[in-house]
Amino acid sequence: MDMDNCFFCKNSISKERIPQRDAYEITCPACGYYQITGTAALCGIPQGVDEKDLILFSSYLRNNSSLENPIIIQGNDLKEIKSRVAPYEKLTPIDKINLFIKYLGDSLKFLGDRIQINDNDYTRFYCLNSDEMVHIQNYLIQRGWASEEPYPLCSLSVDGWQVYESLKQINIESKKVFVAMSFAPELKYIFDEAIFPACDECGFKAFRVDSKDHIEKICDKIIADIKESRFIIADFSGQKHGVYFEAGFAQGLGLKVIWTCKKGEEDKLHFDTRQYNHIIWENPEDFKKQLISKIKANIK
């Protein structure tokens, strides 16, 4: 590995060695901050992982890893890149436009305030390159949602602020909670005795995609249901790939994800979720109590 350049996007980086863990702290203009072990650095990118996969993985790191809560990439984690970025391939141009507007609204402090959008910021919005990001910015200007500013500055117009406020309200009134979990019969009691009643007590309606009749393609139905939900609960007991997909897609949309896992399986969590604070449950009563507290504390 050329440690002068990012393992994923090939940008010039700053790095610090962590001797006690045989790892490196990486600060990259496109990927942000992450850590990678020496073993992973020597492994190289696996066959089958293409440039698009690496760009989306850079976006994943930019949006989910931080100095306070870093993603630590180990050797075996590199084999998971292709499956881990699959949800972000489902983001539409409209999803990316909405992410751009949300980012501006969350970052700007007042009408007329401006922020700097640099070429490497395309990863914030899961764009495939800076040109796609510039097209989004130009579209916002054409619609009158962003004010014309000298590059690389960007600001929202009054109409843009209205769009931002409407985007914040899209799911705020929703009472739906998408539950991503294993459909194994031995885990259904957790939904029935913990997740559903906990959400109900907090004023929400939890559902699993297998509990509804539908004629659409299952993937299309999942995406539509997630987009309509106020937040999602992702239980990784059983380590099902579908749960990782659904949690990743929800994250890409900017939805709140509540992470949970059965006690004894937390060491099996994959690299892209293990840095999050999971509810580790032992039984339905314990799970329900923790989940109610988490919902009340995090869902405003």
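**Helices, sheets and pockets in a predicted model**

Q: What makes the direction of α10 roughly antiparallel to β12?
A: In this predicted model, α10 lies across β10, β11 and β12, and runs at about 165° to β12. Angles over 145 degrees count as roughly antiparallel, so the direction of α10 relative to β12 falls in that class.

Q: How do you know which word describes the direction of α9 relative to β10?
A: The helix α9 lies across β8 (176-180), β10 and β11, and its angle to β10 is about 155°. Because the class of roughly antiparallel takes in angles over 145 degrees, α9 is roughly antiparallel to β10.

Q: Why is α4 called roughly perpendicular to α5?
A: The axes of α4 and helix α5 (residues 130-143) come within 10 Å and cross at roughly 70°. Since 65 to 115 degrees is the range for roughly perpendicular, that crossing makes α4 roughly perpendicular to α5.

Q: Which residues of α4 and α5 meet?
A: On the side of α4 they are K96, I97, F100, I101 and L104, and on the side of α5 they are E132, M133, I136, Q137, Y139 and L140. Sorted by class, the contact of α4 with α5 consists of eight nonpolar residues, one polar residue and two charged residues.

Q: What makes β9 and β12 edge strands of their sheet?
A: The order in this open sheet of five strands is β9-β8-β10-β11-β12, with parallel pairing. β9 (205-207) and β12 (279-281) each have a single partner strand, so one side of each is left without a neighbour in the sheet. From one strand to the next, the twist averages 25°.

Q: How do you know that β10 and β11 pair?
A: Two strands pair if there are at least two bridges between them, and strand β10 (residues 231-235) shares five bridges with β11, so they meet that condition, in the parallel sense. Within this pairing, I232 stands opposite V257 in β11.

Q: Why do β5 and β6 stand at the edges of their sheet?
A: Three strands make up this open sheet, in the order β5-β7-β6, and their pairing is antiparallel. Each of β5 (115-116) and β6 (146-147) has a single partner strand, which means that one side of each lacks a neighbour in the sheet.

Q: What makes β6 and β7 count as a pair?
A: Since at least two bridges are needed, the two bridges between β6 and strand β7 (residues 153-156) are enough, and they join the strands in the antiparallel sense. Here S147 stands opposite S155 in β7.

Q: What lines the largest pocket, and which residues are closest to its centre?
A: The largest pocket holds about 1,200 Å³ of space. Of the 36 residues that line this pocket, K102, L253, G254, L255 and K256 are the closest to its centre. At least two lining residues come from each of α2 (51-64), α4 (93-107), α6 (158-169), α9 (241-253), β11 (256-262) and α10 (284-298), and α4 gives the most, with seven residues. By class, the lining has 16 nonpolar, nine polar and 11 charged residues.

Q: How do you know which helix gives the largest share of the lining of the second largest pocket?
A: The second largest pocket has a volume of about 170 Å³. Among its 13 lining residues, F183, I222, G242, V243 and E246 are the closest to its centre. Both α8 (218-227) and α9 supply at least two lining residues, and the largest share, four residues, comes from α9. The lining of this second largest pocket divides into nine nonpolar, two polar and two charged residues.

Technical notes: Residues are numbered from 1 along each chain as its sequence is written. This is a predicted model: local features need pLDDT of at least 70, side-chain atom pairs count only at pLDDT 80 or more; totals for chains, interfaces and linings use all residues. Side-chain values use heavy atoms; hydrogens and water are left out. On a 1 Å grid over the protein atoms alone, a cavity is a set of points where a 1.4 Å probe fits but cannot get out, and a pocket is an open set with protein on both sides within 12 Å along at least five of seven lines; lining residues have an atom within 4 Å of a point. Grid points are joined across faces, edges and corners, and a volume is the space filled by probe spheres set on the points. Ala, Val, Leu, Ile, Met, Phe, Trp, Tyr, Cys and Pro count as nonpolar, Asp, Glu, Lys and Arg as charged, and the others, Gly among them, as polar. Axes are lines fitted to C-alpha atoms, for helices over the stretch in contact, and angles run from 0 to 180 degrees between N-to-C directions. Angles under 35 degrees count as roughly parallel, over 145 as roughly antiparallel, 65 to 115 as roughly perpendicular and the rest as oblique. Contact means heavy atoms within 4.5 Å.
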